Every structure is written in C-alpha cells, then in structure tokens.
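Notebook open, coffee poured. I want to go through the strands and write down what pairs with what.

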Amino acid sequence: MNSFEDLKETAQNFIGLLLAGDFTSAASKFDDQMKIALNEAKLQEIWINAIGEAGALLQINTPKTVEVESYRIVTIPCSFQRSIIDVQMAFNKEGQISGLNFIPTSMEYHAPDYVEKSTFHEVDVTIGEGKWALPGTLTVPDSSGPFPGLVLVHGSGPNDRDETIGPNKIFKDIAWGLASEGIAVLRYDKRTFVHAKKLTPDLVDEMTAKEEVIDDAMLAANLMRKTEGINPKRVFLLGHSLGATLAPRISQQDDELAGIIIMAGMTRSIEEAILDQFTYLYSLDGNITEQQKAELDDLKEKVDKLKDPEFIENISRQDLPLAMPVAYWKDLHNYDPVNTVKNLNTSILVLQGGRDYQVLESKDFKGWKDVLNNKENAALKVFPELNHLFIAGEGKSSPQEYMVEGHVEKEVIDSIAEWIK
C-alpha cells in the first residue's frame, strides 16, 4: 500500500489537474469502478458546479489523512474566495482513487464591534433591468433622513456584493459601519459574478472595463439618487482596487456624483502592477525557484508585448498577461487615472494601506498624491498597518493573510464618515 506521503502528493497533483481543467488526466487516476461511475465529462460538471460560486483559489491547505478499513483517505481543504471546499479522496491499495467528494464549508460572518445593528435596516434592490440586471442590498439608517448615500464598486474578478475574500467581507463591514454612522450604502453583485454563464467567449473577447464595472456603477448611482430618503445631491461613490482605479473615469461620466473615494487605486499600468505582484509573491520566502524564474520571464515578455501598440492589434489573448482580452487591455491603455482625476471638480478622498503589496504606497499612492496634494477638493490618507483589504496586520502582507478573519479598521470607517459628512 502506498504511504500517506505519496498519497498526499498524488492528491495535490489531482487537484492541480482539476484547477488546470485537465479532466482527462484527472479521471485517469480513478480505479475501474470510479471510471464507470464518474467519467471525465461528469467529473468536469461536478467540479465546475462545486467551485461555481466559490471564486478564485487563494490557497491549498495542509492535507488531513485517515485510514478506514482497506482505504486511505486524504482530505485537502482548498480556500477559495467565498468558501472552503474540502476535496476528499479515498485511495485503494494500488494508490488509485476509489472515492471522491467535494465538501463546501461556508464561512460565517461576524460583525465588527463598531457596527450597531439596531440602528439600520436592509432592503433588496435591483440595479438595471433586462439581461444584465443585478441584485443588490441597500443599507439604510433608521434615523430620519434624507441621508447621504454611498455606492460601493468592487475590485477585479467576479466579486459578490460583500466583496468576500476568505472569511472577510469588506464591503459588508463598510456598509454596516457607515449605516451605523447615519450614511446609506448600496452594494451589489458584480455582473461577472451573477451572469458568468451568459458571458460567451465572444462577449468576453469584446468586454472592457465599461461593461465589467462602469455601466453598472453608474446605474447604481442613479438608482441611489432616485431612492426615497436619500439626498440626491449627496450621493458619493467608493471604489476599491480596480473600482478605485476607475472611480475618476466614472466621475468624469457622472457629473452628479458629490464625490469619489479611492481605496487602494492604481496609477501604474495594470500590467506593471501584475508583474510587480508576482515578483513580490515569488520572493516572499526569499528563494525564487527556477520554475518561478521561468514564469516571471514569460510574464515579463507578455508585459513587454503590451507596450507595442501595433503588436497588440495582431495578438491573441493567450499571449497577454492573465489571458485577458485584447479589447480590455486597449481600453485600459486609453485611460489615464492621474490625468483624469487631476481635471475633476468633485470632492476626492484617497485612502491607502501601508502594507498593501497589490497597490503600492511608493508608486500608486504617490501618483495620486503628486497631482492632488495641493488641490482644495482632495484629501489623502495612509494607514501604515493596513493591507489591501484595509485590515490590520504585521510584517509582510501575503495572500494567506486574507484567509485570517478580520475587519476593515474602525479608523477607515471613521475617516470615510467624517469626510462624507
């Protein structure tokens, strides 16, 4: 019988095949009965259903092992953005997979201490209509209005309305925290989260930040202005990460916004940020492997290709960083957040975590600061101990930190509330 160490390695390789979409190779690990009961097409269907709403994979955790009769069972907890899925594999004496389970574990939300649940209520709303309508939640103070309103705009990827990352729900923290301070907040599920199955390859190839973020953010702001009990002249927009980077562009197109809040917004090109992020992550343990060096060289080559305006016209998305569509890259290259924010007349608040490795104080925040520092309509603030999620920590930040339960720091909530009021 294979040792548990060998089986752990087999189990981790099996998960790697599932994540890579190589269901033929994954199914080849099954014993004869499993191959009949769960062919590769069925395996693909079950896996996609299992991770459908889980979001991006954040980390693969330490395997757990147990021996039951003639089988050795290896369970590997996989931490995804919105849930933990235990991938449980039963191995026979020959080291083949004789049983397979995907067991989801939901992560319970615990409200931060600064939230006063008795001071607000929530209402279900719909942003937009027709094919791309989005479900959302409006958090409304129970005191007498009209209230200032705030629309929350997500970062990149298919985010839910709470911007759930591991056990953390930073948009829920912000909504509940600000509603406790007398500010109404609207948050909604992102188009790429709710309507993922409608996004055909052709639609994805044509998608830009307009379809992914901007159109829905503007609809949400318009809905907020038309909502009874909300002061239509006091509706603000808060963007986080990609949403923050695009906030000046949204404000440029919606001159009725009372102001924008930029939380961890980039002023560098997104491809430069991606290369910096991967370099940082591979360097965390102080030793970059040969494979990681090769991956970084490949990524740098793809980043360099983006700098050639003629080359990008004749390239497939597979040759670009993160395989993002050509149309998406071209759209971002036509947008300069620094020049856009410089020409806005609206009020602007820029917030930055000092431990953020995704959006850098030394590069991105400096970009905002260089153009806004002397403008009367702008305020900027750095929180030295906070990471990209505006949650406190120590030492170098990492993706594993996002799997530790925390909350948006009270000082951030207070800064936003004071600025809006």
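In what order do the eight strands of the open sheet come? I looked this up before anything else, keeping in mind that this is a predicted model. The order reads 6-7-11-8-12-13-14-15, and the pairing is mixed. At the edges I found strand 6 (120-127) and strand 15 (378-383), each of which pairs on one side only. I also checked the twist: neighbouring strands here are turned by 20° against each other on average, direction ignored.

Next I picked one pair out of that sheet. Strand 8 (residues 147-153) runs parallel to strand 12 (residues 230-240), and six bridges link them. For a register mark I noted Phe-147, whose bridge partner in strand 12 is Ile-230.

Then I moved to strand 3 (residues 71-80). Is strand 3 largely enclosed or open? Nine of its 10 residues are buried, so the rest of the structure largely encloses it. The cut-off I used for buried is under 20% relative accessible area.

Who pairs with strand 3? I went through the partners one at a time.

- Strand 1 (residues 57-60) runs antiparallel to strand 3, with three bridges between them. Here I found Gln-59 opposite Ser-79 of strand 3.
- Strand 2 (residues 64-68) is antiparallel to strand 3 as well, joined to it by five bridges. Glu-67 has Arg-72 in strand 3 as its bridge partner.
- Strand 4 (residues 84-91) pairs with strand 3 over eight bridges, again in the antiparallel sense. The register mark I wrote down is Val-74 opposite Met-89 in strand 4.

I looked at the turns too. Strands 2 and 3 make a hairpin with two residues between them. In that turn, Glu-69 has a positive phi of about 55°. Strands 3 and 4 also make a hairpin, this time with three residues between them.

Last stop, back to strand 1 and the surface. Which residues make the nonpolar surface patch of about 220 Å²? They are Leu-19, Leu-57 and Ile-60. Ile-60 belongs to strand 1, so I checked how accessible this residue is: at 37% relative accessibility, Ile-60 counts as partly exposed. That follows because partly exposed covers the range between the buried limit of under 20% and the exposed limit of over 50%.

To keep for later: strand 3 has nine of 10 residues buried, while strand 1, which pairs with strand 3, contains Ile-60, a member of the nonpolar patch.

Conventions
Residues are numbered from 1 along each chain as its sequence is written. This is a predicted model: local features need pLDDT of at least 70, side-chain atom pairs count only at pLDDT 80 or more; totals for chains, interfaces and linings use all residues. Side-chain values use heavy atoms; hydrogens and water are left out. Patches are made of residues with over 30% relative accessible area and no salt bridge: like charges are joined within 9 Å, nonpolar side chains (Val, Leu, Ile, Met, Phe, Trp, Tyr) within 5 Å. Accessible areas come from the Shrake-Rupley method with a 1.4 Å probe; for residues, only the protein chains shown count as cover. A salt bridge is a side-chain nitrogen of Lys or Arg within 4 Å of a carboxyl oxygen of Asp or Glu. Helices (H or I, at least four residues) and strands (E, at least two) are DSSP runs, numbered from the N terminus. Buried means under 20% relative accessible area, exposed over 50%, partly exposed in between (1.4 Å probe, protein chains only). Two strands pair if DSSP finds at least two bridges between them. Axes are lines fitted to C-alpha atoms, for helices over the stretch in contact, and angles run from 0 to 180 degrees between N-to-C directions.
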